[in-house]
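User: Please give me a close look at a single part of this model, with its surroundings treated as one connected picture rather than as a list. I would like each cut-off stated where it is needed.

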Amino acid sequence: MKGQTENQFGKVMVDNDVIAKYAGATAVECFGIVGMAAVSVKDGLVKLLKKDSLTHGVSVKVNDDSSLVINFHVIVAYGVSISTVTENLAHNVKYKVEELTGLKVSKINVYVEGVRIID
């Protein structure tokens, strides 16, 4: 299902991949986020994704009321407050995605899959 908003001119439909890519790009700009993570269910392995693969660590679901639920799988920097970093990520992504799409973000789930020392 695609996110959709309506106004006097017609409908605007935004694909979930567009929202995921924008949300992923916004997330990696946040202080303390090293990158997005890909979790292999089969092996239980977590790997850091390249900047080109931002949508693989993000999933977007559109509810019946056209609100968005965004899930992030991230790797955070060693030595930062995980709760502060994730709150900052959720706040920034919510604001920027709502501004871009005009759709309400009802929930953001952040799954910290690992910690990495920044070189």
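Analyst: Helices (H or I, at least four residues) and strands (E, at least two) are taken here as DSSP runs, numbered from the N terminus. This is a predicted model, in which local features need pLDDT of at least 70 and side-chain atom pairs count only at pLDDT 80 or more, while totals for chains, interfaces and linings use all residues. Residues are numbered from 1 along each chain as its sequence is written, and side-chain values use heavy atoms, with hydrogens and water left out.

The part I have chosen is the surroundings of Tyr22, a residue of helix α1. To place that helix in context, the chain holds 2 helices and 7 strands, and read from the N terminus these elements follow one another in the order β-β-α-β-β-β-β-α-β. Tyr22 is partly exposed, at a relative accessible area of 29%, where buried means under 20%, exposed over 50% and partly exposed in between (1.4 Å probe, protein chains only). Elsewhere in α1, the buried residues are Asn16, Ile19, Ala20, Ala23, Gly24, Thr26, Ala27 and Val28, and across the 119 residues of the chain, 37% count as buried.

Leaving aside residues up to four places away in sequence, Tyr22 touches Lys96, Val97 and Leu100, contact meaning heavy atoms within 4.5 Å. Another residue to place against Tyr22 is Thr55, which is 33 residues away in sequence and lies 8.5 Å from Tyr22 in space, C-alpha to C-alpha. For the chain as a whole, if one takes the contacts with a separation of 6 or more, 64% of them are between residues 24 or more positions apart.

Of the residues that Tyr22 touches, Lys96 has a second partner to examine, since its side chain meets that of Glu29 in a salt bridge with an N to O distance of 3.6 Å; the term requires a side-chain nitrogen of Lys or Arg within 4 Å of a carboxyl oxygen of Asp or Glu. This pair links distant parts of the chain, with Lys96 in helix α2 and Glu29 in the loop between α1 (16–28) and β3 (33–40), 67 residues apart. The two ends fall into separate accessibility classes: Glu29 is exposed because its relative accessible area is 59%, whereas Lys96 counts as partly exposed because its value is 31%.

A search of the whole structure finds 2 salt bridges, and the pair formed by the side chains of Glu98 and Lys94 is one of them, at 2.8 Å from N to O. Here both residues belong to helix α2 and sit 4 residues apart, which is about one turn of the helix. Glu98 counts as partly exposed, with a relative accessibility of 25%, and Lys94 also counts as partly exposed, with 32%.

What remains is to see which strands α2 connects. Strand β6 (residues 68–77) and strand β7 (residues 105–116) run parallel and are joined by 10 bridges, two strands being counted as paired if DSSP finds at least two bridges between them. Within that pairing, Val74 stands opposite Val112 in β7. The chain leaves β6, passes through helix α2 (residues 82–101) and arrives at β7, in a β-α-β crossover that is right-handed, meaning that with the strands pointing away from the viewer, the path from the first strand over the helix to the second runs clockwise.

Strand β6 also contains Asn71, which counts as buried because its relative accessibility is 18%. With residues up to four places away in sequence again set aside, Asn71 touches Gly57, Val58, Ser59, Asn109 and Tyr111.

On the N-terminal side of the chain, strand β1 (residues 3–7) and strand β2 (residues 10–14) pair in the antiparallel sense over 5 bridges. The hairpin that joins β1 to β2 does so through 2 residues. In this pairing Asn7 stands opposite Gly10 in β2, while Gly3 stands opposite Val14 in β2.

To return to the residue chosen at the outset, Tyr22 lies in α1 and touches Lys96, and Lys96 in turn reaches Glu29 through a salt bridge.
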